[in-house]
Every structure is written in C-alpha cells, then in structure tokens.
Amino acid sequence: MDIYYDKDKLVALRRKLHQYPELSGQEYHTAEMIREYISRHQPDRIIGDLGGTGLAVVYEGKQEGPTVLFRCDLDALPIEEVNAFAYRSQYPGAAHKCGHDGHMTIMSGLSQVISNNRPERGRVVLLYQPSEENGQGAVKVLEDDQFEQIRPDRVFALHNLPGYPPGSVILRKGTFAAASKGMINKLHGKTAHAGEPENGRTPALAMARIVEELTHMPGNLSLNDYALITVIHARLGEIAFGTTPGYAEVMATLRTYSNADMEKLTRQSIATVERHAHDHGLGKEVSWTEEFPATVNDSESVDLIHRVAEETGNQTIFIDEPLRWSEDFSNFTLKYPGALFGLGSGENTPQLHNPDYDFPEEILDQGIRVFYGIYQHLLK
Ligand SMILES: [Zn+2]
Ligand SMILES: [Zn+2]
C-alpha cells in the first residue's frame, strides 16, 4: 500500500502533544494543536466543541455511501511522568500514560493520507474525543446536538497494547474490553458516646458485611461470564476514641465481560446495601461513577480488520479472553456496528498508566495503514 504523510511533522506533533498533556474535560490546548495541524490537510468540515473539547474532522465523498467514523482520544492522566527525555511532560502531575498522544497522532497522519485520497463515496469522520479516562467523553459526544450531523454507519477505534509485538493487531469478536463502574455507598447512622453505643446507630457492622458480601458476590451469582467486584475504599466515622461512629462509606468497582451480567450485578449490589442498611436502621445513598459498558465488537467489522491486517502485513493475534480494562468507545459500539482493536506496542514496554510509559513512535505507521485499509475497503 503506497501512502504518503509527513513523518517528521507527525513525530513532532506526537512529542508536542506528549509535552503538553491535559486531563479529562480540559483538553482545550490539545484540541487547538490538533485543529491547527489538521487544517493543513483541507478537510471539508471541522465540527468543534463536540461533547466539550472534541473535534470531528469530515471528508466527504462525491457519491452517496456510508459514514465511517474513526475515533481517538484527547486526554492524559493525573500521573507524574518519570521519563527524562526532552519532550517529557511540562505539566506537573499530568502525563500521556495511556498513549492517547499516539492515538491522536495516528489519526492526524491518517487525515493527511485521506486528504490526498479523498473518499469516492460516503464520508469519513475522524473523531477526536475528550474525556475517555473518566468514561464521560463518549456519552457527551453522542448526546451533543452536533452529533446529528455525523450519525455513523460504522465505527472503529484502536488502543495501543503493551505486551504484544510492535504493530501487531489484537482482535476479538464479541466483548473486547470489560464493562466497569464505580459504586459509592454512603451509610448514615447516628453518633453517640463511645461508652454508650446503644444511644447511637453505628454503621460498623453493616459496613463490614457489605464489604464481605460485595467481594464474594460474583462467585455466588449465576452469571454468564467473568465478573469481579473490588472494594476500593472504605471509611468509618472519624478518628475519635470517645465517639461511636455515625457515618460510613464503601466504594467498589464492578467489572464484567457482558452488559447483561453487569445489570444483574448492579441490582444485586444495590439489594445488598439496602438490606444491611435496613437491618441496622441506617439511611443509605447509592450512586455510580465512571460507568463503562462492555465494548462488544461486531463480527463483520472484526473480519474486515483481520483482512486489512493481512493485506498490510501486520501480525494478527486473536485473544481468548476480553481485556479486563474498560474503554468508553463501548458507548459507540452499543449504538453502531464497529470494533475496537489493539495495536501491539511492544513486549517489553511498561504497562498502560505506568509512570514511565511512552507511546512507541515505531507503531504510528502501522496504525495509520490499518485505519487507511479499513477506509479503502469501505469508501473507495
Ligand atoms: Zn487509560
Ligand atoms: Zn486509553
């Protein structure tokens, strides 16, 4: 496949993005850098402020045809970079540790290739999505009125994957990445003197039982597939030896491979908290955060990526089990057929979210080629 893009400029873009990382929802400068870079490649339209700081770059074909959307993510993480190279993060406590700088760079290279090989039919949308890490961005983009102008027929995204050969394409039909969500439970009792607990209502025992039951719950329910509840935080009263506590918090992360199992686990978790709160005469509040559905890949789209990877000479690896982490691209695959695939970033690189992670530039070309191959099959 003969494709052209300016590699030096692209590497410079990647390093600039890496140097100036912005956290979820605050990707203003990042979006500006992308807009400036992309404008040189004469898209037909750029839709800005999409779901917050997002951008959609549109290239139209001459004939009717499907809308194909490729998505990447803008945000960095609240992690201090420990790398010492020249383009290390300039912002304390923030860095591109999930490789989203690389994803944006692949997409920007793709835009140059497409600008020289415009779609014959339909149109292609390159979506730069904000706030992936906190699970809010995809939903905000989908709910933005401007998304009406996009309405894709097929959606694709990639995520770089440490632990796999550089440039390999990692695939799975059905669930590719797990569903997960954060559960926040607040238990309200009544404080009393530590010497007179009978005059108060302590949440201590309810809290202990909730921690235990939530932890064992996935094994005790008949679920279709793998599930896990991890209690991530718990707090009881204040450090005051004269006081019987009157308040507790238990937070947990629920994780499943299927969206149906997540529904079951959610219902059961709420029932458990309600039962123990009731048994101990406590008020309760249950709320949820960082909700990611499971990313479920459409078979036809996986077959297409497989075919493209063979044509481009990328090694393909089918994984038996879904990945245990979550990706908010799942909100797109819930509504539109498509797929998320992995792009190997090397067997010996640090893991995602490690403080020394750095997106390997050697795989930029392969990412661009696979996306471009998909584009050619669907729009050329
Ligand atoms: Zn991440
Ligand atoms: Zn990521």
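Select strand E8 (residues 179-188) together with E13 in this predicted model: 8 bridges join the two strands, which run antiparallel, where strands are DSSP runs of E with at least two residues, helices are runs of H or I with at least four, both numbered from the N terminus, and two strands pair if DSSP finds at least two bridges between them. Within this pair, pick Ile-184, which stands opposite Ser-287 in E13.

Local features here need pLDDT of at least 70 and side-chain atom pairs count only at pLDDT 80 or more, while totals for chains, interfaces and linings use all residues. Residues are numbered from 1 along each chain as its sequence is written, and chains are lettered from A and ligands numbered from 1 in the order in which they are written.

Next, widen the selection to the open sheet of 4 strands, whose order is E10-E12-E8-E13 with antiparallel pairing. Strand E10 (227-236) and strand E13 (283-292) stand at the edges with a single partner strand each, so one side of each is left without a neighbour in the sheet.

Now add helix H5 (residues 204-220), which lies across E8, E10 and strand E12 (247-256) and runs at about 165 degrees to E10; contact requires C-beta atoms, placed from the backbone, within 7 Å, and angles run from 0 to 180 degrees between N-to-C directions of axes fitted to C-alpha atoms, for helices over the stretch in contact. Helix H6 (residues 259-279) lies across E8, E10, E12 and E13, running at about 165 degrees to E12.

How values were computed: Two residues are in contact if their C-beta atoms, placed from the backbone, lie within 7 Å.
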